[in-house]
Amino acid sequence: MASHHPPRTTNHEPRTPWLVRWLGGEHLVLWLVVLSFVGLLPFTPDLASRENLANLLLTLLPLLVLACGQTVVLITGGIDLSACAIMAVASVVGGLAMNGDTGWLTGSPWAAPVGVLLMLAVGAGLGALNGLSVAVLRMPPFMVTLTTMMAGGGLAIWLIRSETIYNLPPAFNALGGRLALATLITVALAGGAHLLLSRTLLGRWLYAIGHNARMAHISGVPVAGVMLAAYVLSGLLAAAAAVLYTGQAETASPLLGQRLLLDVIAATVIGGTSLFGGRGKVLWTLGGVAFIKLLDNSLNLLNCSFFTITMVKGAVVLAAALLDATRCRLLEAEA
Amino acid sequence: MKKSSFICLLTIFGSLLLVTGCGKPDAPPAASGSGSPTTVQTIGVSFETLQTEFWVAALKAFETELARRHIRMLQAVADGDANRQIEQVRNFITRKVDGIIMVPKDARACIPVIKAANAANIPIVLFNRPPAESDAKSVAVVADNFTLARDTVAFLVAEARKAGGKYKALHLIGDLGDINAIGRRDGFDAAVSNATDVIEVVARVPTEWNNEKAYAGVVNALQKHPDIRLIFTPSDLHLPSIASALRNAGKWHKRGEPGHVLLAGFDGDATAYQMLVDGYLDATGVQDVYFEVEASIQAVLDARAGKPVPPTILDPGFVIHAGNLEEKAARMWGAKKK
């Protein structure tokens, strides 16, 4: 079985070119985040204000949860385009169950916990659908998750006829709206994903499949089961992100996350998780998410126009994809 | 990068939580304005999208009007994402703007940020879309959708009466999750309910503000009722789709030509202006963007000055048609775009 660690250049041999060392470095993006933050401070002093950091952190958390799921799938060499649609369906189902007007659980003290469990079940279910199609039916992940994205988006709108659901339990809203709670939930989920990838047999199998699924199969890795687990996990984390986003907006919406897919994939790839599989870590994803949110936040603080922000973000995503390809090429050459 | 990764992760979150003072998420910023209570130096303007001409014209009008009043404008566009808009408006609050004007993505999802602005003592105005009912305090500057739609359709009814005979009508309906669409639908219904001797509504097409759905709906309606002679759309956004469907059905004729279909819209965009000039459109209800922009800014200034501001300011708008086109075009935002 292949090692769960990606090829690295941390042997610090004197002949290793500095560019390769820098590009292949574990903390490249985290350094970029720190440098960007320090570099932008003179131009946007508000960036470091307590209120802005709180705002930044509160909006970073659900994206990180969502991106952790994407990381797991990308490591296997797959992709989950349906993550945001899963969020929308989970949000709507949770809203239908919990809202204080017409909810199935109106008046029940268990509305919030049962609602959250329902949302997670929806996420896991749709993730399992993706996983079964990819692992058992051997369908391409791109097509499978694209289809789930379209069907899920339609389902979310159909379930509540385009309307949004309000009057959710305060206990539920607090999960996404209260910084301390949202942080605790995110640390638990991201930490769990980190431990899963770095400390468990399942984690090693995920990397092995990403490196070479055929070799992994020959080495005794239950490829289908592991792929299924990856997509279920992605669906679960998407539903958990839906809990945070829905709580933040205090509204369940079928349009939740409709425009987030680019941010999720961009953050994950900017972090260093490879689109080609076999390479990625939760800490890297944290760096990618922090970078993309910092970019968004600072461009807003700089009062850049919407068009500028969109163009800059597009350019950064392109640069990240280029960096990923260059990094892979350099590391292969080095190996 | 083994234990250290995890420790690093926890350290980052821990330090951020310490810096941001976790446990006090709803605490208002220390100061609520950048100057004295009556001084307005900066206003944050948040749009949910710039995907239609109306919003682009409104943003431009805000830029012009705020520059004229020597007020700095911070702008943010949420690209159709309610959560992103919440984040952007919170950014305004963080930057201690003197007022916030927002076009909310969602009438309900905007309530948490209205409450946050209330807590920070920053006046907040909702432009063109009112919020859902709640205890959050804001001012809404909105078009009088009902009256304007009713008057626009009444103009069409009068034209139909003049021409004589009974008119079969097609009514397009916007996204009924949007209170503006509901007002326009009710305005249409009120106008035709008084004119059953002239108008018979034979088809209603829900568009959800989507041009593809509008096109498909109009094509289907024209196939089923080829004798449709009157069409009302609740947004000029759909005029190109209607024109295309009419053209394909061989019913695209100018005013005065035999077979002309009476057509009216709502908004007052550049397409509507051109179609009025060319003679294909009979009337449109114009939302007075300039009135709404001026009223929104004035509401912020008045609120900062401690003057009473009503919770809703109605833009009466006006109906524009061939008879008053020259006189009213200067106030039609779509005409200014040309």
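The exchange below concerns a predicted model and asks how some of its features earn their names.

Biologist: What makes the pair Asp79(B) and Arg259(A) a salt bridge?

Modeller: The side chains of Asp79(B) and Arg259(A) meet at 2.8 Å, N to O, and because the rule asks for a Lys or Arg side-chain nitrogen within 4 Å of an Asp or Glu carboxyl oxygen, the pair qualifies as a salt bridge. This pair crosses between chains, with Asp79(B) in the loop between strand E2 and helix H3 of chain B and Arg259(A) in the loop between H11 and helix H12 of chain A.

Biologist: Why is Asp79(B) called partly exposed, and why is Arg259(A) called partly exposed?

Modeller: The class called partly exposed runs between the buried cut-off, under 20%, and the exposed cut-off, over 50%. Asp79(B) has a relative accessibility of 21% and therefore counts as partly exposed, while Arg259(A), at 29%, is likewise counted as partly exposed.

Biologist: How do you know that Arg184(B) and Asp267(B) meet in a salt bridge?

Modeller: Their side chains are 3.9 Å apart, N to O, and since the rule accepts such a pair within 4 Å, Arg184(B) and Asp267(B) are counted as a salt bridge. The pair links distant parts of the chain, for Arg184(B) is in helix H6 and Asp267(B) in strand E9 of chain B, 83 residues apart.

Biologist: Are these two residues buried or exposed?

Modeller: Buried means under 20% relative accessible area; Arg184(B) has 4% and therefore counts as buried, and Asp267(B), with 9%, counts as buried too.

Biologist: What makes Arg204(B) and Asp189(B) a pair that ties parts of chain B together?

Modeller: The side chains of Arg204(B) and Asp189(B) meet in a salt bridge of 3.1 Å, N to O. Arg204(B) belongs to strand E7 and Asp189(B) to helix H6, so the pair ties together parts that are 15 residues apart in sequence. Arg204(B) is partly exposed at 43% relative accessibility, and Asp189(B) is partly exposed at 25%.

Biologist: Which residues are linked in a network of salt bridges?

Modeller: The network links Asp263(A), Asp296(A), Lys313(A) and Arg84(B). Over all chains, the count by this rule is 20 salt bridges.

Biologist: Why is the phi of Glu208(B) worth a remark?

Modeller: Most residues other than glycine have a negative phi. Glu208(B) is not a glycine, yet its phi is positive, near 55°; the residue lies in the loop between strand E7 and helix H7 of chain B. Asn167(A) also has a positive phi, of about 60°, although it is not a glycine, and its place is in the loop between helix H6 and H7 of chain A.

Biologist: How many salt bridges are there between domain 1 of chain B and domain 2 of chain B, and what else joins them?

Modeller: Between these two domains the count is zero salt bridges, but the rule finds three residue pairs in polar contact across their interface. On the side of domain 1 of chain B, the residues touching domain 2 are three nonpolar, two polar and two charged.

Biologist: What area is buried between domain 1 of chain B and domain 2 of chain B?

Modeller: About 700 Å² is buried between these domains, with carbon and sulfur atoms giving 57% of it. In domain 1 of chain B, Glu53(B), Phe54(B) and Asn128(B) lose the most area to domain 2, together 62% of what that side buries.

Conventions. Residues are numbered from 1 along each chain as its sequence is written. Chains are lettered from A and ligands numbered from 1 in the order in which they are written. This is a predicted model: local features need pLDDT of at least 70, side-chain atom pairs count only at pLDDT 80 or more; totals for chains, interfaces and linings use all residues. Side-chain values use heavy atoms; hydrogens and water are left out. Buried area is the accessible area (1.4 Å probe) that two parts lose on being put together, summed over both. A polar contact is a pair of N or O atoms within 3.5 Å; within protein, one must be able to donate a hydrogen and the other to accept it, and residues adjacent in sequence count only if both atoms are side-chain atoms. Ala, Val, Leu, Ile, Met, Phe, Trp, Tyr, Cys and Pro count as nonpolar, Asp, Glu, Lys and Arg as charged, and the others, Gly among them, as polar. Helices (H or I, at least four residues) and strands (E, at least two) are DSSP runs, numbered from the N terminus. Buried means under 20% relative accessible area, exposed over 50%, partly exposed in between (1.4 Å probe, protein chains only).
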